[in-house]
Amino acid sequence: MMKKISTYVALIMVVSLFSLTLVGCGNSKETKTAVEEIKDSNKIVLGTCADYPPYEFHKQIDGKDEIVGFDIDIAKEIAKDLDVELEIKDMDFNGLLAALDAGKVDFVVAGMTPDEERRKNVDFSKVYYDPEQSLLIRSEDKEKYKSIEDLKGMKIGAQKGTVQEEVAEDVIEDSEVKALGKITNLVLELKNKKIDGIILATPVAKAYEKANPDLVLSPYIDFGKEGGVAIAVKKGNTDLVDTINNTIDTLMKDNSLEKFIQEATILSEEE
């Protein structure tokens, strides 16, 4: 009788150990970090909105349309540090965080400000750039707007879902705001006199000024800094944030980031 009980107990222990092993294997798959999953797939997918020179924009290079800019250079360095390929998905700015949440992209690099509202839904890297904000207007209106007060009741354009949209609504009294997903569409609205100006990060406004002789950066209007830009990742992917921050630190320390910005600005101004 004792022997039978011992055999039965031994059998139960074997089954229990086997079950624990299976559970352990299942857990190891479930607890893979974001970085581990990216390395397993051998690629990292970038979400961006490539109409924001010199951050990210389309450029014909050797007869081929490419997405370039200093944000893209940063993304390439992140992929390089992870030893994976970089895949770029270009979409409307206001759809980027939804794509991130749905797992369609691994990170968003798009001149995005890490404001408190966005922080509720995604995690951000450290700020890597903090430009001024300016007003892009038609050249014929260069002397028309000399103070913020002169903008009262203005039909103003801004990229949808950005800090600039908030500035247009909150800073300009009685403003009529037109928010679109693409800046190129806003520029057309400005040229066609559907709106009177566009609020943009200064480097971006300068790029569009250079490309459009009939548009000019207002010499009098300054909206201050936008609060910096950072890289967004899915909420909870802290290991990926750490990896990205390490890359940013390296790029800042060896002045590569400054070089990327200068080179992208020059590239955006080339015919």
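Two exercises with worked solutions follow, both on a predicted model.

**Exercise 1. Place arginine 118 in the fold, and decide whether arginine 118 is buried or exposed.**

Solution.
- Step 1: find the element. Arginine 118 sits in helix α5, which covers residues 116–119.
- Step 2: check accessibility. The relative accessibility of arginine 118 is 8%. Buried means under 20%, so arginine 118 counts as buried.
- Step 3: look for a polar partner. The arginine 118 side chain reaches the backbone oxygen of threonine 113 at 2.6 Å.
- Step 4: list the surroundings. Leaving out residues up to four places away in sequence, arginine 118 touches Phe93, Leu97, Met112, Thr113, Phe124, Gly161, Thr162 and Val163. Thr113 is thus both a contact and the residue whose backbone oxygen the side chain reaches.

**Exercise 2. Work out the strand order of the five-stranded sheet, and find which strands stand at the edges.**

Solution.
- Step 1: read the order. The strands run β10-β9-β11-β8-β12 in an open sheet with mixed pairing.
- Step 2: identify the edges. β10 (176–180) and β12 (215–217) each have a single partner strand, so one side of each lacks a neighbour in the sheet.
- Step 3: note the twist. From one strand to the next, the twist averages 30 degrees.
- Step 4: inspect one pair. β8 (residues 133–138) and β12 pair in the antiparallel sense over three bridges. Within this pair, isoleucine 137 stands opposite valine 216 of β12.
- Step 5: add the helix. Helix α6 (residues 163–170) packs on the sheet and touches β8, β9 (155–159), β10 and β11 (197–201). The direction of α6 makes about 135 degrees with that of β11.

How values were computed:
Residues are numbered from 1 along each chain as its sequence is written. This is a predicted model: local features need pLDDT of at least 70, side-chain atom pairs count only at pLDDT 80 or more; totals for chains, interfaces and linings use all residues. Side-chain values use heavy atoms; hydrogens and water are left out. Helices (H or I, at least four residues) and strands (E, at least two) are DSSP runs, numbered from the N terminus. Buried means under 20% relative accessible area, exposed over 50%, partly exposed in between (1.4 Å probe, protein chains only). A polar contact is a pair of N or O atoms within 3.5 Å; within protein, one must be able to donate a hydrogen and the other to accept it, and residues adjacent in sequence count only if both atoms are side-chain atoms. Contact means heavy atoms within 4.5 Å. Two strands pair if DSSP finds at least two bridges between them. Axes are lines fitted to C-alpha atoms, for helices over the stretch in contact, and angles run from 0 to 180 degrees between N-to-C directions.
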